[in-house]
Structures are given as C-alpha cells and as structure tokens.
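Work through the exercises below with the model open beside you. Try each task before reading its solution.

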Amino acid sequence: MQKIKSLMSRQGLKSPQESMADMSPVENFRIPSKEELRELREQPIDPQAEQEIIDSIEEVYFSSDSFDMVQYELEKLPPDLNLQELEEYRDKLKRQQAAVSKKVADLILEKQPSYVKELERVTSLQTNLQLAAVICTNARRQLSFAKEGFTEASLGLLANQRRRQLLTGLLKSLRTIKTLQRTDVRLSEMLEEEDYPGAIQLCLECQKAASTFKHYSCISELNSKLQDTLEQIEEQLDVALSKTCKHFDVSHYTKVQLAYSLLGKTQTAMDQLHMHFTQAIHNTVFQVVLGYVELCAGNADTKFQKMQYKDLCTHITPDSYIPCLTDLCKALWEVMLSYYRTMQWHEEHDKEEAADADTDGSSNESPGDSTVGRSYVKKKLEHGLSRIWQDVQLKVKAYLLGTDMSNFKYDDFIVVLDVISRLMQVGEEFCGSKSEVLQESIKRQSVNYFKNYHRTRLEELRMFLENETWELCPVKSNFSIAQLHEFKFMGQCRSPSVSPSRQPASSEPVELSLFEQYTQGGNPFEMQIDNKEEETEDVLASNGYESDELEKSVYQDYDSDSDVAEELKQDFVDEQTGDIPAKSVSRETLRSRKRSDYNLNKANAPILTNTTLNVIRLVGKYMQMMNILKPIAFDVIHCVSQLFDYYLYAVYTFFGRNDMYESSGLGLISSRLRTTLNRIQESLIDMEAGGESVGPHGPPEERKEKVPSPHLSQLVVLTASGTLYGLAERVVATESLVFLAEQFELLQPHLDTMMPPAKKPFLQQFYSQTVSTASELRKPTYWIVAAKAIDYEQMLLLMSGVKWDIKEIMSQHNVYVDVLLKEFEQFNKRLGDVSRQVRIPLPVSNVLWEHCIRLANRTLVEGYANVKKCSNEGRALMQLDFQQFLMKLEKLTDLRPIPDKEFVETYIKAYYLTENDMEQFIKNHREYSMKQLANLVNVCLGSHINKKARQKLLAAIDDIDRPKR
C-alpha cells in the first residue's frame, strides 16, 4: 500500500480526500505524464510471466500496511555475504517491484474516467451550497427588521388581555373552592343521619367540581379527602346492608339500594348482600349454640368461642338440645324471612320501574342497561335461594349429628323430628328444595334412635308381659284408638308428605305459605312448641273419670288393686261427654253409678289389658315417627310387626302351648298359625337367653335384634278348677290379642300409604299370615279349659259299667248321660260366674262349647269302642242315650249345629253294617282311631262273620294306621 501511495505521489496523483481538500472550485485534475507511464510499461509485457513474478512474491508482503520490508530483508541475509548472490536477489526484488508497479499503474489508468466524472459532481454540489448560504443570510436580516417593527408592540397587548381573563377565572375558582371546603362538614352531618343517598349525591357533585380544579394543590388535598369520605360512606353502606339480613326494614333497605344505584354498584351490592347473608347464617347459629353451651358449662374454663361450630355442637347437653334447636330454627327463620322480603322488595321495585319507564318514556340511563341490571339482580336472588338454604341445611345438619340422640325420650325425639320437619317445609316453600341434606342427617339419627328405642321397647314389653296379671283394663264401649294422644296426628288434615306438626288452632287459609303467614311477625317454630304444650295439657286433663278427686277415691275403694289407680291415670281412656258430676253427690250413689256403668258397658266394651294399651300406644308412637320421616317407614313398620309378633307369641306361650294338641287329633293349630309361630320363634325369640341353646354361639348382631321368650307371671294361676283353669285370664289375653289385630286391620290403609311400593308385599304378607291368625289362637288356648272342665274319665268309667248286650228295647237312658249333662250344667254355671268378672264374647263362648261338646262326643265314641259285647237292643240304647244328651245339651247352648254330632251317630250306625259295607266304611272314615274301628269289627260283626273275614278287615285297619306311624 505504501508503494502504491509512493507511486501515486511520484505521478502527481492524490487520494480523493486530499484532492478535495486542496482543490479549488476551478482547479483541474492533473493527469500523469506520458514519460511516467512509459517508464512503468518498460517492464516485460508477457502477462503470464508478469503474473508468475507477482505470484512469486512472499505472502508476508501482503500481510499489513505496517510491514517493514527493509527490516525483513536484512534479517534474511545470511551471515556470510556473497556479492553475486546479493545482486541476483536484488534483481529479483526489482523485477517483482516492477511487476507490481506496472499492475497498479494499469488499474489506475483503467479507473481514471470514473474518477474524473465523480470529481465534477462534487464540484457542482459545492457551488450550490455556497448559493444557499447567501439566501439564508438575506432571510435572517428581513426577520430581524419585522420583529423590531411589529411583534413586540401588538403581542404585548394580547398577553395583557389573556392575563386578565385568567385572573377572572381564578377568582371564580377560589369562590368554588371555598364552597367545597364547607361541604365537607355537611357530608359528616348527613352520614350521622344515615342519609346515604343524599350524602353520596353531594359527595359525587363535590368530586365532579373538584376534578375541574384538581391543578390547585389545596383542591388536590380536598379531592383526596372526598375520596376517603366516599369510601367511608361505602363502608357504612355495607354495614347498613348487612343489617337487613336479620331484620328487614323496607325504608332502610330502600335507602341503601338508592345509595348503591347512585354509586352505580347495584350488582356489587347484590354480591355483597349474599356474602352478608352467608355470614349472618354462620354468626347467628354460632351465637345461639355458643350461648347454650356457655350457659350449660357454667364457669368452665374451656374457650368455646375459639371452637369451630361443628365442635361446639358436640357440647350441647341433652336437656338444652331441644330449646337450642328451636332457637336455632327461629334465628334461621328470621334470616330466610329477610331474604324472602328482600326478593319481594325487588319484585315490587322492578314493577314500579317498568311502569315509570312506560309512563315517562325517558330515563337517565339507557333502557338496555336498566333491564340488564334488573335481570342480573333477579337471577342472583333466585340463585341465592338454593345457596342460602344449603347453608342452613349444613348448619342444622352439623347440629343434628353433633349429639347422640339414641337415649332421648320419645316425646323429645318426636319434637326434634317435628321441628326438622317444619324446617324442611320452610325449605320447600323457600326454594322448592326436598332438603336431601336434612333428610339424610335426620334419617341417620332416626335409624340410630329407633333401633335403640325399639330394642328398649321390646324389653319393656317383655317385662310388661311377664308382670301382666291379665286383668281387664276398663274402657268405655265406644273406645277407639283415634282417641289416644298417640293417634291424634291421623285426624289432622294434612298430606302424608308434610310433617304432622301441631297446627295452630287458628283458621288461617290453607293457601297461605308460612312466609305469607308470618311476614309481618311471629315465628312458625314458636307457635309449634306452644301448641304442643297446650295439646299435652288437654290430653292429661281428659284421663280418668274427668279428673274428679271424689270419683278417683271412690274408684280406688271399689277396686281391690291399689296400683290400678296409678295405671288408670296413664292408660284408662274415658270417653264421657256428659257434665262432670256435682261434688255433692253421695259416695254410695257414685259407687253404684260406677258399678252400673261397668255392667252396662260390659256388653260391648273392648277386652284389653294395660299391656295391650301400651302396645297400641307404642304403635301410635311408631306411626308418628314414620309419618314424619318417610325414608325409614319400612324399618318402622317392620318393628311394628315385631310388637304384634311378640305379643302373639307371648299369648301362645302363656296359654296355648300344650303337648296334647297333636294327640287330640282335633287340628287345633292350623298350618298357617304353626308357620307363623315358627317364623316368630326363629326371627325374634332369643332361645339361648332362656337356656334353650340351639347352637354353640349365635351371631352377636343377630342376637342383639332378638328378645328372650317371656315367662308367665307367678300371680297368674292356670291350674285352679274354681276359676275354670284361668279362663278369665285366658279370655283377656286372647281377646286382647284379637282386639289388637282388629286395630291393626284398621291401620292397614294408613300403613299401606306410608310403605314404599317395593316393600308393600311385606306388609300384605304380615297381614295375611300373622294378623289374620290372631283369632285362630282361641282354639288351642280354650281347649285346655274344655279338656279339664269336664270329667271325661268319670264318664268313661260309668259307660264301662253299662250292659249293652241287653235283649229288650229300653225306654230309659243310662245314668252316665245325666252325669255328663250335670257336668255341662256345672260348666255353664261356672262360665256365668266368670262372665260376671270378664265379658265372654260370643266367639269365645262358641269355641269353649265346641271344644267341650267335641271332647264329650269323642269320649262317647271312645266309651262305645270299649264295649265288649253289644246287641241290637244295646245299639238302640246307645242311640237313645245320645239323643237324650243332644236334647238336653241344646237347652244349655245356642251353638248350632252341635259339633261332631255326625261323628257319634255315624259310629253308632256302623254297628248295623254288613261285612262289605264295613270294609268300605273303614276306608272312608279315617277320623276314627284304630281301636275304635277294630271294636266295630270285633263286637258288631264278630258273631256274623268268620275268622278269615275278620282278619281281612283288621288288616285293612292296620294298613290305614301304618302311614300315621
């Protein structure tokens, strides 16, 4: 590069920058001389040779401009210099230099026209720039002259005028600022008066005015203060909104809503309102439960306030459970009523706004925005219904499950069910909810309570039965279970799906919902409890003989049992509708009236015991629970059936069980009754508890559901002939069971409506196979009385002493007939004695007579079968005796036809049969024993047939008897 520069300097050439610096506008560019160019061209002209020379130049020469070639070449010299070699090397370098110089010169000459042309353009540009500088100088001189002559004078006047206008505006602004300073005090006064709409209106106007003067520092502070005041108003407005959640006031809520509409936060207010309702529910229930917990805990150091609500509910005592639940529901009712009235207010407000919009036809806000706002509020409120109710359910659920109610008294538990049922009714009217959360929680508690309650009641029933003396509980002839307190709910005109809560005695329209009834005041839960107390007092006042002390004392004198008066106080049901007897009536008169009433009512008064009445009451209680809580209806009905089963099994065990049934051949226990008794024994009776172990160990859960078999009270004597072997007790027991079955029949339609459709076959089977068998228990129960009341053995002895092989027709019957009839007369008399103590219903009388007559007839046949010899005249005497017996018997009893009459007549007539007829008779009449049939063959036909024929007939008898064995 240095060589090129040196070459250019030798030729008189300069770089473009140097040329521009030295060149004048008119100076010409110097062209190299021909001599200089010729010197460069004297080198070899062979391009290839020239290129080879250039290629032979070392690379280091082209490395950088700062390369010192002289130093490089000197360093390359060898230590021993050779002149010839140096000259040759010098010539080589010269050739290389010449080749490079020539190459550079050629390149310069090749680019020279372009260089000259570009230099001419630069010269032209420089000329134009000099002309522009002259024009600018002239313009500046003209502007300076204009400024001095015009601007300073005219614009000065305009500036003064503008300053005047600014000062006038400033004075006006200062007056406005002074007014703004005074409004701050007024805002505070309006807030104290709770005039939220006026305060917001004033504050917004002040803010609007302050925004105009925000460039002043004092206004900036005032604007900040107004913003703080507005935020303070919103906070107070939020507090005022929260107050409406517990006690809704129309005027107060109207102010709050107007204030929010001025702020343009109607939708925000609705969101806040729902948050306040949720908070109100939580705070309300927490404070109610906390109050009761602290009250019951006394001075305990436990920090209940820091507990969670769910944990707090577990500290409620059983005594305070119902009052706390009632207060809880009352408080929640107030919150839901406030929400209901809030919705009412918005509905009425929307109607008014729509009417005003139609009338005026114009509004400050667009109709679209107003419609959207109202639609949002409406949807928010409707959606909030289910949310509010869900919160209520969860709070009540936590309270319900926080206490174990399995040991509650029945009446207390019914009150709990009643309150929850009323609450579910509120929920259905509030948002149409079926209250699944409440139903599930109360179902859990009910199942738990009912299992424990039923187990206890079964044990109590066993205790009652084991202590029952089976004496008549005197009730009026028109006694009905509907008159019992436990069945009052069946008379209420309410749908089965609604709780049987005690309805108020007022005649309010059925169409009104609870919210419509109590929107102006009152509380449905408060009225429910009051009515329950009133009803309880009414029921207690109707017990006994009109609660007259004189009558009580007389009745106690009349009855020998000192404990009856106390029992009557609970179980005796009085249906008297007449006036209370005056206390001036004498004691004797009153006593005679009692006895006459008792005797008068004996004709058709129901026969039942205290235990029967307790079972009926228990069934009523079970049905109350079932009526309130449909989901456990099947469990309850199953337990109701167990009450009846156990009562039936006890009556059978006490009075009907006897090993002589099967041997009697009378078919006293039907297959249906036998199946029922076996089922009860397997499913309900704990045989292990009575020492009758049927296996090594029964499952604990299964045994837990079973009850030990009851034992008859030692006070009940069934072996005394003077009482007809406990006939009075047997009548009371069996007829009370029949009466109980009749009451179950009356309750069947009601139970059927409560039973789930899938479980109805169970109810139908219970009635067809168990309830309907109650009357069938009469036969085995009274058969023992009939078997022992008549001395059938004496009759057999008397008959065995009669001669039947007489030769002449007798006109006088035998003595045994008179003895037997006398026994029957004695039986009839003793039956009358018992009937004065206990009314004996016609079906019972018929069963007793049927048993006695049937046993007597069978005894007659047995006596005839013991005859060793008999003539035709003897057979006629048998007929005479039997006809005499029938004739006298028909005067003693109204039972028609006489049982087993054909049984005796057919047997007597068989004495007249021939051999062939006898064989057919043996095949057709299997009701006779083998002994009786054999007697016919041996005594009657023995003298007429040969031994082979007799053996044939006896073999036929043996074939008939073999399957029985």
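## Exercise 1: The whole chain

Task: Find what share of contacts between residues at least 6 apart in sequence join residues at least 24 apart.

Solution. Among contacts between residues at least 6 apart in sequence, 80% link residues at least 24 apart. Keep in mind that this is a predicted model.

Next, take the secondary structure. The protein has 36 helices and 2 strands.

Then turn to burial and surface. The chain has 965 residues, and 42% of them count as buried. The exposed surface comes to about 53500 Å². Carbon and sulfur atoms supply 52% of that surface.

## Exercise 2: Helices α15 and α22

Task: Describe how α15 and α22 cross, and list the residues that make the contact.

Solution. Step one is to locate the helices. Helix α15 covers residues 436–467, and helix α22 covers residues 633–656.

Step two is the geometry. Their axes come within 11 Å and cross at roughly 15°. Angles under 35 degrees count as roughly parallel. Helices α15 and α22 are therefore roughly parallel to each other. The crossing of α15 past α22 is right-handed.

Step three is the contact. From α15 come Val447, Phe450, His454, Leu458, Leu461, Arg462 and Leu465. From α22 come Asp635, Val636, Cys639, Gln642, Leu643, Tyr646, Tyr647, Ala650 and Phe654.

Step four sorts these residues by class. The contact of α15 with α22 holds 12 nonpolar, 2 polar and 2 charged residues.

## Exercise 3: Two further helix pairs

Task: Work out how α29 lies against α30, and how α26 lies against α27.

Solution. Start with α29 (residues 792–800) and α30 (residues 815–837). They pack at an angle of about 170°, and their axes are 9 Å apart. An angle over 145 degrees counts as roughly antiparallel. So α29 and α30 are roughly antiparallel to each other.

Now list the partners. Gln794, Met795, Leu798 and Met799 belong to α29. They meet Tyr816, Val819, Leu820 and Glu823 of α30. By class, this contact of α29 with α30 has 6 nonpolar, 1 polar and 1 charged residues.

Move on to α26 (residues 727–754) and α27 (residues 760–769). Here the angle is about 175°, with the axes 11 Å apart. Helices α26 and α27 are therefore roughly antiparallel to each other.

The α26 side of the contact is Phe744, Glu745, Leu747, Gln748, Leu751 and Asp752. The α27 side is Lys760, Leu763, Phe766 and Tyr767. The classes in the contact of α26 with α27 are 6 nonpolar, 1 polar and 3 charged.

## Exercise 4: Backbone features in loops

Task: Find where Pro897, Asp900 and Trp470 sit, and what their backbone shows.

Solution. Begin with the general rule. Most residues other than glycine have a negative phi, and most peptide bonds are trans.

Look first at the loop between α32 (872–892) and α33 (901–909), where Pro897 is placed. The peptide bond from Arg896 to Pro897 is cis, with omega near -10°.

Asp900 is also in the loop between α32 and α33. Its phi is positive, about 60°, although Asp900 is not a glycine. The relative accessibility of Asp900 is 15%, so it counts as buried.

Now go to the loop between α15 and α16 (514–517), which holds Trp470. Trp470 is not a glycine, yet its phi is positive at about 55°. Trp470 has 1% relative accessibility and therefore counts as buried.

## Exercise 5: Two buried helix residues

Task: Decide whether Asn935 and Tyr292 are buried or exposed, then find a residue from elsewhere in the chain for each.

Solution. The cut-off for buried is under 20% relative accessible area.

Asn935 is in helix α35 (residues 930–940). Its relative accessible area is 7%, so Asn935 is buried. Val867 is 68 residues away along the chain, and its C-alpha atom is 7.7 Å from that of Asn935.

Tyr292 lies in helix α10 (residues 266–297). With a relative accessible area of 17%, Tyr292 is buried. The C-alpha atoms of Tyr292 and Pro323 are separated by 8.9 Å, and the two residues are 31 apart along the chain.

Last, list the contacts. Leaving out residues up to four places away in sequence, Tyr292 touches Ile316, Ser320, Pro323, Cys324 and Asp327.

Technical notes
Residues are numbered from 1 along each chain as its sequence is written. This is a predicted model: local features need pLDDT of at least 70, side-chain atom pairs count only at pLDDT 80 or more; totals for chains, interfaces and linings use all residues. Side-chain values use heavy atoms; hydrogens and water are left out. Axes are lines fitted to C-alpha atoms, for helices over the stretch in contact, and angles run from 0 to 180 degrees between N-to-C directions. Helices (H or I, at least four residues) and strands (E, at least two) are DSSP runs, numbered from the N terminus. Angles under 35 degrees count as roughly parallel, over 145 as roughly antiparallel, 65 to 115 as roughly perpendicular and the rest as oblique. A crossing is left-handed if the near helix is turned anticlockwise from the far one by less than a right angle, and right-handed if clockwise. Contact means heavy atoms within 4.5 Å. Ala, Val, Leu, Ile, Met, Phe, Trp, Tyr, Cys and Pro count as nonpolar, Asp, Glu, Lys and Arg as charged, and the others, Gly among them, as polar. Buried means under 20% relative accessible area, exposed over 50%, partly exposed in between (1.4 Å probe, protein chains only). Accessible areas come from the Shrake-Rupley method with a 1.4 Å probe; for residues, only the protein chains shown count as cover.
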